[in-house]
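Me: Please take a close look at the surroundings of the bound ligands in this model, and describe carefully what lies around them.

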Amino acid sequence: MPREFLDLASAAACHRENGRWELLYRMLWRLTHGTPELLRLATDDDVRQFRRFAAVRRDVHKMHAFVRFRKIAGPKGDESFVAWHRPDHRIVRLAAPFFVRRFSVMRWAILTPDASALWDGESLRFGAGVAAPTGLRRDDLEGLWKAYYAATFNPARLNPKAMKREMALRHWPTLPEAELIPDLMRDVSRRVETMLETTEGFAMSAADFLPQEQDLESLREASAGCEGCPLYQDATQTVFGKGPEHARVVMVGEVPGDMEDRQGDPFVGPAGKLLDDALREAGIDRGTVYVTNAVKHFKFKIVGGGRRLHQKPGIREIKACKPWLEAELDAIQPEVVVCLGATAAQSVIATDFRITKQRGEVFHTDYAPVTLATYHPSAILRAPDKAARAKMYDMLLEDLRTAARHLDVAEPELAVER
Ligand code: URA
Ligand code: SF4
């Protein structure tokens, strides 16, 4: 059994919905009877359902973040701590070991409607659930917690709508710091500004999901499980880059579109077709090109008729996803990087990059001796009329030819070796 299956299955088993045992059994059967690559079939119905069930890991993270202990007098007058929490799924057993590691010297109990976890300083036991919070008193611990929260408060995360989504309102009454939120919000816009200038506000990123081995295959596999920003929640799958390990040219787009999201490969839709044509016309062999995106999950909003309308990724998503792009470029060590559009150029060349002013200019970056940016094929497809489109296409060709010339320069050395 692949290790990945066991990890995901132990999470999926905690999902509250019916049908999880049947699904797990079916997965097990298929994995051992002719479909060992099952987990890689991202569009398979069973696999999608399985990944949806396994997403209870998010609920585990929330429990880790939102459980608040209160001090009470224990059975023999000694000090104990108790918390009440209502997780969405049956995850108490999955979440409890974290609290053992974190609070190993305390005696504590976490009560939930489904089950309770008790730690006496030596062993972890599980018991019945508790319907409603009883016997929780306010005390000094709350003051301590508030001080801690105010000190570490991250204003970039203070988005009331997102907070309500992430932290279901029913958790709020048991969170002492909820009282502080109105005060903190008053101060927020100035603090957000300072934080946007520094990078540390973006605590979440793909960096937490990078594998040990950083060859392209390992990276691609690990990226399938990335939860470095919220985009993974609604997209079908991670669309990782594609092309040879030793590609001489890397093309960096913005974000996968609808077709890329369904198919799992970058630039397979209309923009990809235009790009293929332009590469051919510029004399760049498609076989030497690796194609990827600055952001690896499709971003969209649902519009009339259920259509998924492409959305531009924001600065946070671009930053969160950058570790993948950097790792790809480190693994490939290309001679030339071509950024398609401003988003890629801002991620790779400079945050204030302007396509209209700087396209076609050659930069030396950490990623490649020759790095340049040009129009995004989608921008060309959206041009207002035929003439504008033709003009932009010519500029794209011109920039790709610049890239091709730099590849030619490297040829003589190869000729000598031969
Ligand atoms: N546009 C992009 O930026 N990337 C794709 O993969 C497809 C369209
Ligand atoms: Fe991870 Fe990038 Fe997907 Fe966000 S968009 S979840 S950072 S792969």
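Reply: A residue is taken to be near a molecule if one of its heavy atoms lies within 4 Å of it. In this predicted model, ligand 2 is surrounded on that basis by Cys 226, Gly 228, Cys 229, Tyr 232, Val 295, Lys 296, His 297, Ala 320, Cys 321 and Trp 324. Sorted by residue class, this shell around ligand 2 comprises 7 nonpolar, 2 polar and 1 charged residues, and the space that ligand 2 takes up is the largest cavity.

Around ligand 1, the shell is made up of Gly 253, Glu 254, Val 255, Pro 256, Glu 260, Pro 266, Phe 267, Asn 293 and His 376, which divide into 4 nonpolar, 3 polar and 2 charged. Several of these residues place N or O atoms opposite those of the ligand: a polar side-chain atom of His 376 is 2.7 Å from an oxygen atom of ligand 1, while a backbone N or O atom of Phe 267 lies 2.9 Å from an oxygen atom of ligand 1. On the nitrogen side, a polar backbone atom of Val 255 is found 3.1 Å from a nitrogen atom of ligand 1. As for the cover that the protein provides, ligand 1 has 240 Å² of accessible area on its own, and the protein covers 94% of this.

Technical notes
Residues numbered from 1 in each chain as written. Chains lettered and ligands numbered in written order. Predicted model: local features only at pLDDT ≥ 70, side-chain atom pairs only at ≥ 80, totals over all residues. Heavy atoms only, no water. Polar contact = N/O pair within 3.5 Å; in protein donor to acceptor, adjacent residues only side chain to side chain. Areas by Shrake-Rupley, 256 points an atom, 1.4 Å probe, with all protein chains shown as cover. Nonpolar A, V, L, I, M, F, W, Y, C, P; charged D, E, K, R; others polar. 1 Å grid on protein atoms, 1.4 Å probe; cavity = no way out; pocket = protein on both sides within 12 Å on 5 of 7 lines; lining within 4 Å. Sits in = over half its atoms within 2 Å of the grid points.
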